[in-house]
Amino acid sequence: MQTKALSLESFKEMDYWVVKNYNLPIELMMENAGLQLARLTSYNASKDSKITIGVGNGNNGGGGLVAARRLAAWGYDVYLDVAVAITKDLPKAQLKRAVVFGAKEGFPAKTDIWVDAYLGFSQRLPLSQILMEKIDLANASRAHRISLDIPLGISSNGTSPMFEANTVLTLAAPKKILGVLPPETDIFVADIGIPEDVYKKFNIKMPEFFEEQILKI
């Protein structure tokens, strides 16, 4: 069995399969993803950094909100760029927790690190006008840019405008679509709690998370 990247369709199937068959709730995987995102973000930050985390109304946004909560708890200056109304139960609960922990809603005059947790593997093109504006603003900034799972706006042919991430933290396994990114992009894969037997079912090798839960690939 060889290590290989998954299509977004296969990863979605893997994600749903583990929830159904291992009673691994979305909220727990969201917590794991957000913790690993917070760790990776902190590696690129100083205590004086202003960190902006862009979130949407889905599970990827929920992961970004977990990261915001963690970073705020660690003493970082964290801002939440809430791109759309947060109405779904899980992201709504995570937003409330992040704010209680000290993350601030709104956009700072200057941001040093811009985290893209706007949309995850279910994103569809074309993006809304507001998200296209986020891409333009982020790419024009001098911020270090980090995407959770896959960059906002990414397409298999690489022709659509997308969030030009310096660093990508993809979840559970490499994704084929990330092959369109420039070679200088740093790509990491995060452990979100999926057991080895599930990787075997999907005919891929589990990343060796045993000592480090974030692996560079």
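**Entry 1: Arg145**

I started with Arg145, which is buried yet has no salt bridge. Glu164 holds the nearest side chain of opposite charge, and I read 4.3 Å for that separation. The cut-off for a salt bridge is 4 Å, so I did not count this pair. I note here that the model is predicted.

I placed Arg145 in strand β5. I then looked for what its side chain does reach, and found the backbone oxygen of Ser141 at 3.3 Å. I also listed the contacts of Arg145, leaving aside neighbours within four places in sequence. They are Trp114, Ala138, Asn139, Phe163, Glu164, Ala165, Asn166 and Thr167. Ala138 is one of the buried residues of α5, and I took that helix next.

**Entry 2: helix α5**

I looked up α5 as residues 129-140, a helix of 12 residues. From first C-alpha to last it reaches 17 Å, close to the 16 Å expected at 1.5 Å a residue.

Which residues of α5 are buried? I found Leu131, Lys134, Ile135 and Ala138. They sit on the same side of α5, because they cover an arc of only 100 degrees around the axis. An α-helix has 3.6 residues a turn, so residues three or four places apart point the same way.

The face turned away from the buried side of α5 carries the exposed residues Gln129, Leu137 and Ala140. I checked what the buried residues of α5 pack against, and noted β2 (77-82), β4 (113-117) and β5 (144-148). The last of these strands, β5, is where I had placed Arg145.

In the loop between β4 and α5 I noted Pro126. The peptide bond joining Leu125 and Pro126 is cis, with omega at about 0 degrees.

**Entry 3: helix α1**

I repeated the look-up for α1, residues 8-22. This helix has 15 residues and reaches 21 Å from its first C-alpha to its last, close to the expected 21 Å.

The buried residues I recorded in α1 are Leu8, Phe11, Met14, Asp15 and Val18. Their arc around the axis is only 115 degrees, which puts them on the same side of α1. Glu9 and Lys20 are exposed on the other side of α1.

What covers the buried residues of α1? My list includes α2 (26-43), β6 (167-171) and α6 (196-201). Just after α1, I found Asn23 with a positive phi of about 50 degrees.

**Entry 4: Asp149**

I moved to the loop between β5 and β6, where Asp149 lies. Is Asp149 buried or exposed? I noted it as buried, because its relative accessible area is 1%.

Asp149 has a phi near 70 degrees, a positive value in a residue other than glycine. Its side chain is joined to that of Lys175 by a polar contact of 3.0 Å. Neighbours within four places aside, I listed the contacts of Asp149 as Phe11, Asn60, Phe121, Val168, Leu169, Thr170, Leu171, Lys175 and Leu178. Phe11 I had already recorded among the buried residues of α1.

**Entry 5: Asn203**

I closed with Asn203, in the loop between α6 and β8 (214-216). Asn203 has a positive phi of about 60 degrees although it is not a glycine. I entered Asn203 as partly exposed, because its relative accessible area is 42%.

Technical notes. Residues numbered from 1 in each chain as written. Predicted model: local features only at pLDDT ≥ 70, side-chain atom pairs only at ≥ 80, totals over all residues. Heavy atoms only, no water. Helix = DSSP H or I, 4+ residues; strand = E, 2+ residues; numbered from the N terminus. Expected span 1.5 Å × (residues − 1). Buried < 20%, exposed > 50% of the residue type's maximum accessible area, 1.4 Å probe, protein only. Arc of directions from axis to C-beta. Contact = heavy atoms within 4.5 Å. Lys, Arg positive; Asp, Glu negative; His and termini not counted. Polar contact = N/O pair within 3.5 Å; in protein donor to acceptor, adjacent residues only side chain to side chain.
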